[in-house]
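Reader: I am new to this structure and would like to go through it step by step. Where should we begin?

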Amino acid sequence: MQEDYINIILADDDEDDRLFFTDAFEEIKITTRVKTFNDGVYLMDYLNTDGIQLPNVLFLDLNMPRKSGLECLREIKQNEKFNDIAIAIYSTSASEEDIEKTFIKGANIYIKKPSDFKTLKKVLSEVVTINWQYHTNSMNKENFLLRF
Amino acid sequence: MTLFFKFDFNAICQIVLEQTLNDNDIKFKTVGFGEIELLNKISKDQQDKLETALSKYHIEVVENQKSILVQKIKDTINDMVFNEDTTVNVKSSVYLSDTLGHSYGYLSNLFSEVTYTSIENFIILQKIEFAKQLIIKQDLSLTEIAFRLNYSSVAHLSTQFKNTTGITPSAFQRIISKRRAFNQENN
């Protein structure tokens, strides 16, 4: 039986961004459970804990103290137990170079942080809806690339 | 050396299903794609065993009537998009409602309610997925892919690809091949 909610995790050192993010998910149609972490070290410690429910989608800020989003991405991609997690890069930067580099290193989604709440809600809702289709229809995650 | 494969998803699913049923000594008659009629009553125990055997292939028994119809809508769409032998000359809304025997309004409301997306968006998503597979295989040009997927022009396919994924077909092809090279270096 499939669970009827989607597990979401965000790792971001900016408190305001974390708040907007959780608020946005409270207002979208699909039921989600959102967890946030302040940096990459806390995130990876949590993901490596036995018995936890892994997220369906993981949002990674690129610039975080202690462990960056790219380092997290590399560690996640090296561990098979994380294969089912869709990785979304959630960043203020939208340089073509950053975008392509993270896709090549295994990210599925690249989101340039929207500047207004309405757009944020729309983007997050679309990400979760499309991820839901991949999840429920056993579509090939390898081809899952999405950019906002 | 690299080998590329072409799959007939419907045929694979049907074969797996029939083999598993036979392995479990269940007598059945195939009614349609993804639908069988049991010829003898089966015990709860047998059904559990069958469901466990099928879960290995991510095949699930659909129980709720709404889910059954949604699954039929998805199967019909996948057949329309992926199966080269199914040519659909009418609008997909007409095709779906004729094939499934319900009004399109009913189907489309039910679909959105259960899947969080509309039938139109689901069709686009599946067509773009198919386009991705063909782009990766690299043996068809974009013009041929557009024709195969019933787009009126390459421009139309490219625009829909970009609108759906946020990237162009050529960027997609470049990223996937660079990613494969990257994965090979790191394994």
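Author: We can begin with the sheet of chain A, keeping in mind that the model is predicted. In chain A, six strands form an open sheet, and their pairing is parallel. Their order is E2-E1-E3-E4-E5-E6.

Reader: Which are the edge strands of chain A?

Author: An edge strand pairs on one side only. In chain A this applies to strand E2 (32-37) and strand E6 (146-147).

Reader: Which helix of chain A packs on the sheet, and what angle does its direction make with that of E3(A)?

Author: Helix H5 (residues 117-136) of chain A packs there. The strands touched by H5 are E1, E2, E3, E4 (86-91), E5 (109-112) and E6 of chain A. With the direction of E3(A), the direction of H5 makes about 140 degrees.

Reader: How many bridges join strand E1 to strand E3 in chain A?

Author: Strand E1 (residues 6-11) and strand E3 (residues 57-60) of chain A run parallel. One of the residues with a bridge partner is A:Ala11, matched in E3(A) by A:Leu60. The number of bridges joining E1 to E3 in chain A is four.

Reader: Which helix gives the most to the side of chain B that touches chain A?

Author: In the contact between the chains, 15 residues of chain B meet 18 residues of chain A. Helix H6 (119-137) and helix H9 (169-185) of chain B each supply at least two residues of that side of chain B. The most, five residues, comes from H9(B).

Reader: What share of the residues of chain B count as buried?

Author: Chain B has nine helices and two strands. Its C-alpha atoms fill a box of roughly 55 × 45 × 30 Å along the principal axes. Of its 187 residues, the share that count as buried is 15%.

How values were computed:
Residues numbered from 1 in each chain as written. Chains lettered and ligands numbered in written order. Predicted model: local features only at pLDDT ≥ 70, side-chain atom pairs only at ≥ 80, totals over all residues. Pairing = 2+ DSSP bridges. Contact = placed C-beta atoms within 7 Å. Axes fitted to C-alpha atoms, helices over the stretch in contact; angles between N-to-C directions. Buried ≥ 20, exposed ≤ 12 C-beta atoms within 10 Å, placed from the backbone.
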